[in-house]
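User: I would like a close look at one part of this protein, set out as a connected account that I can follow with the model open beside me. Please take a strand and its surroundings as the centre, and then go on to a helix for contrast.

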Amino acid sequence: ILESKSEIKKYLNSSLKSKEKKIGDILTLEYGSPLTEGDRLGGEYPVVGSNGVVGYHNEFMVKGPTIVVGRKGSAGKVTWVEENNNPIDTTFYVRKIDEEVDYKFLYYMLGDIDLEKLVLGTGVPGLNRNDVYGQTYKLPSFEEQKRIIGEITKIEKKVEALELSLQQFSEQKKEVLKKYL
């Protein structure tokens, strides 16, 4: 799996025809909304915190897919949410402002930047969106972004298959141990 992460990074940085762009010219980071545990009414829409899905609600705030970035707590962590959802107030969600950027590419790009290195503060560390906006990234053409996403998708499918195999082997091991111990 670690090898697949380095392979993904290789694809992200493989384009020879890239333009250096400021992140603030590509996207905005919008604040999530407060939705306390007591206010969540269950339902089909994920409530997303800085560390991923933390519950469900019967209404949504943002149409999916959504890139959610941890602002407090697991600040800098980047999460992809396929369905309509509710990013809470410990997060930012990404709004694309450059039409020549693929949204899925933004997800991988933000992971490649390693936003966690920008986290500051004592107590509860936080991510300042202005620090993110000031970062630059070598952005390939839209067509190249699509090609790169295609290659990354192949890698992710292999990883999913391996993880499923590991899970099945683990379950088989448990059954053998139960039988003989």
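Analyst: What follows starts with the chain as a whole, turns to strand β3 and its partners, and ends with helix α2 and the loop that comes after that helix.

The model is a predicted one, and every value below is computed from its atoms. The protein chain holds four helices and nine strands, and from the N terminus on its elements run α-β-β-β-β-β-β-β-β-α-α-β-α. Along the principal axes, the C-alpha atoms fill a box of roughly 60 × 45 × 35 Å. Of the 181 residues in the protein chain, 39% count as buried. Among the contacts with a separation of 6 or more, 68% are made by residues 24 or more positions apart.

The strand at the centre of this account is β3, which covers residues 45–49 and is mostly covered, with five of its five residues buried. How do the side chains divide between the two directions from β3? Tyr 45, Val 47 and Gly 49 point one way, Pro 46 and Val 48 point the other way, and all of them are buried.

β3 belongs to an open sheet of three strands in the order β4-β3-β7, and the pairing in this sheet is mixed. The edge strands are β4 and β7, each of which pairs on one side only. In general, the strands of a sheet pair through backbone hydrogen bonds, and the pairing is either parallel or antiparallel.

On the β4 side, β3 pairs in the antiparallel sense with residues 52–57 over five bridges. The two strands form a hairpin with two residues between them. Two of the bridge partners can be followed residue by residue: Val 47 has Gly 55 as its partner in β4, while the partner of Pro 46 in β4 is Tyr 56.

On the β7 side, β3 and residues 86–87 run parallel and are joined by two bridges. Val 47 stands opposite Asn 86 in β7, so that Val 47 is met on the β4 side by Gly 55 and, because Asn 86 is buried at a relative accessible area of 7%, on the β7 side by a covered residue.

Asn 86, whose place is in strand β7, deserves a closer look for its polar contacts. Its side chain reaches the backbone oxygen of Glu 59 at 2.7 Å, and a polar atom of the Asn 86 side chain lies 3.1 Å from the backbone nitrogen of Met 61. Once its neighbours within four places in sequence are left aside, Asn 86 is in contact with Leu 35, Tyr 45, Pro 46, Val 47, Val 48, His 57, Glu 59, Phe 60 and Met 61.

The helix for contrast is α2, residues 103–113, which is also mostly covered, with eight of its eleven residues buried. The buried residues of α2 are Tyr 103, Phe 105, Leu 106, Tyr 108, Met 109, Leu 110, Asp 112 and Ile 113. At the N-terminal end, Asp 102 caps α2, with a side-chain oxygen 3.0 Å from the backbone nitrogen of Lys 104. Just after α2, Asp 114 takes a positive phi of about 65°.

How does α2 pack against helix α4? The two helices, the second of which covers residues 142–180, pack at an angle of about 70°, with their axes 10 Å apart. Because of that angle, α2 is roughly perpendicular to α4, and α2 passes α4 in a left-handed crossing. The residues that meet there are Lys 104, Phe 105 and Tyr 108 from α2, and Gln 145, Ile 148, Ile 149, Ile 152 and Glu 156 from α4. Phe 105 and Tyr 108, which take part in this meeting, are among the buried residues of α2.

Beyond α2, the chain enters the loop between α2 and α3 (129–133), where Val 119 lies. Is Val 119 buried or partly exposed? With a relative accessibility of 22%, Val 119 counts as partly exposed, because buried means under 20%. Not counting residues up to four places away in sequence, Val 119 touches Ala 75, Gly 76, Pro 125, Gly 126 and Leu 127. Its C-alpha atom is separated by 9.8 Å from that of Val 132, which is 13 residues apart from Val 119 along the chain.

Technical notes. Residues numbered from 1 in each chain as written. Predicted model: local features only at pLDDT ≥ 70, side-chain atom pairs only at ≥ 80, totals over all residues. Heavy atoms only, no water. Buried < 20%, exposed > 50% of the residue type's maximum accessible area, 1.4 Å probe, protein only. Pairing = 2+ DSSP bridges. Polar contact = N/O pair within 3.5 Å; in protein donor to acceptor, adjacent residues only side chain to side chain. Axes fitted to C-alpha atoms, helices over the stretch in contact; angles between N-to-C directions. Parallel < 35°, antiparallel > 145°, perpendicular 65-115°, else oblique. Left-handed = near helix turned anticlockwise from the far one by under 90°. Contact = heavy atoms within 4.5 Å.
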